[in-house]
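Welcome, and please open your viewer so that we can walk through this model together. At each stop I will suggest what to select and then tell you what is there.

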Amino acid sequence: MSVGLKRTKSHHDYTMLGETLAQVQEHKYLGVTIAEDLTWNSNYRCTVSKANKIFGLLQRNIYQCSKETKAKAYKALVRPHLEYAAVVTDPYQSKYIQMLDRVQRRAARFVVGDFRRKSSVTKMIQELEWESLVERRKTARLCQFYFVHKGESPNTFTKLQQRDTNHSSRHFTADAYKVIETRTVRYQNSFLPRTIRDWNRLPLASTTQPTLEKFKASLLLSN
């Protein structure tokens with residue numbers, strides 16, 4: 001697999017134990033499908049397919065259980081698949097955001113037991129007190145960046161530069177980082193550029209929290 005954004009990629013043959021390796025356009029590694037054009041489209045489809053299979057299993061086996069039991073089953077067995085590696089693969093295109101959301105919306109109907117077409121699924125999710133998947137992914141990204149901010153991440157992040165604290169403004173707190181300049185929408189919405197922008201919008205009361213638990217709690221209060 002030749003990874004890159006160029007329309008014309010250079011291909012090379014690689015051999016292992018005398019056998020030439022087949023050229024592929026995507027490959028699954030540690031449960032994440034990596035494509036040669038650096039998009040996550042195939043990964044989203046695989047994620048939704050796996051989540052739907054498990055959700056179908058729940059529908060067949062626990063449909064007579066209580067609302068609480070069905071909700072716990074969804075959170076324990078289905079939602080983790082929707083959020084696997086979401087720190088890196090968090091979608092920014094509406095079609096993929098909606099693709100993931102459909103699973104949670106179907107689950108809300110199942111848990112509440114209301115399959116009427118005119119019923120509001122949004123109200124069901126509110127009554128169940130479920131966070132939106134979009135907000136949960138954003139929180140996951142910010143929590144990961146919290147480790148970067150605290151110096152508890154791999155050394156590859158040490159080159160990130162914090163802004164001059166003397167130039168903080170209503171847009172950037174004293175704990176803000178220099179925004180990474182990007183030339184493509186894809187890179188702009190990758191983990192670091194996107195999360196730095198989100199981090200810089202946080203109030204100082206959140207970025208200065210001493211522990212991850214308190215930081216996460218402050219995010220939930222601000223949502």
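Is E135 buried, partly exposed or exposed? Select E135, and you will find that it is partly exposed, with a relative accessible area of 28%. Here buried means under 20% relative accessible area, exposed means over 50%, and partly exposed lies in between, using a 1.4 Å probe and protein chains only.

Before moving on, a word about what you are viewing. This is a predicted model, in which local features need pLDDT of at least 70 and side-chain atom pairs count only at pLDDT 80 or more, while totals for chains, interfaces and linings use all residues. Residues are numbered from 1 along each chain as its sequence is written, and side-chain values use heavy atoms, with hydrogens and water left out.

**Stop 1: helix α6 and a look across**

E135 sits in helix α6; helices are DSSP runs of H or I with at least four residues, numbered from the N terminus. Now add T89 to your selection. Its C-alpha is 14 Å from that of E135, and the two residues are 46 places apart in sequence.

**Stop 2: α6 against α4**

Colour α4 and α6. Their axes come within 10 Å and cross at roughly 110°. Axes are lines fitted to C-alpha atoms, for helices over the stretch in contact, and angles run from 0 to 180 degrees between N-to-C directions. The two helices are therefore roughly perpendicular to each other, a label for angles of 65 to 115 degrees.

Show side chains next: I97, L100, D101 and Q104 of α4 make the contact with L133, V134 and R137 of α6. Contact means heavy atoms within 4.5 Å. These residues divide into four nonpolar, one polar and two charged. In this grouping Ala, Val, Leu, Ile, Met, Phe, Trp, Tyr, Cys and Pro count as nonpolar, Asp, Glu, Lys and Arg as charged, and the others, Gly among them, as polar.

**Stop 3: α6 against α8**

Keep α6 (residues 133–149) on screen and add α8 (residues 191–200): the axes come within 10 Å and cross at roughly 90°. That makes α6 roughly perpendicular to α8. On the α6 side, select K138, R141, L142, Q144, F145, Y146 and H149; they meet F191, L192, R194, T195, I196, D198 and W199 of α8. By class, this contact has seven nonpolar, three polar and four charged residues.

**Stop 4: the salt bridges**

How many salt bridges are there? The count comes to eight, where a salt bridge is a side-chain nitrogen of Lys or Arg within 4 Å of a carboxyl oxygen of Asp or Glu.

Zoom in on D90 and R194, whose closest N and O atoms are 3.6 Å apart in a salt bridge. D90 lies in the loop between α3 (86–89) and α4 (94–112) and R194 in helix α8, so the pair ties together parts that are 104 residues apart in sequence. D90 is buried at 6% relative accessible area, and R194 is buried at 13%.

Next, pick R141 and D198, which form a salt bridge of 2.9 Å, N to O. This pair links distant parts of the chain, with R141 in helix α6 and D198 in helix α8, 57 residues apart. Both R141 and D198 are buried.

Stay on D198 and add R201: they too form a salt bridge, with the closest N and O atoms 2.9 Å apart. Here R201 is exposed, at 58% relative accessible area, whereas D198 is buried, at 10%. Finally, select D90, R137, R141, R194, D198 and R201 together, as salt bridges that share partners join them into one network.

**Stop 5: the aromatic rings**

The whole structure holds eight aromatic pairs. Rings of Phe, Tyr and Trp (its six-membered ring) pair if their centres lie within 6.5 Å; planes under 30 degrees apart count as stacked, over 60 as edge-to-face and the rest as tilted.

Select F145 and W199: the ring centres are 5.2 Å apart and the planes are at 55°, so the pair is tilted. F145 lies in helix α6 and W199 in helix α8, so the pair ties together parts that are 54 residues apart in sequence. Both residues are buried.

Now swap F145 for F215. The rings of W199 and F215 have centres 5.6 Å apart and planes at 35°, so this pair is tilted. F215 belongs to helix α10 (residues 212–222), and both W199 and F215 are buried. To see one aromatic cluster, select F145, Y146, F147, Y177, W199 and F215.

**Last stop: S206**

From F215, go to S206 in helix α9 (residues 204–207). S206 is buried, with a relative accessible area of 3%. Leaving aside neighbours within four places in sequence, S206 is in contact with F215 and S218.

Definitions and conventions:
Angles under 35 degrees count as roughly parallel, over 145 as roughly antiparallel, 65 to 115 as roughly perpendicular and the rest as oblique.
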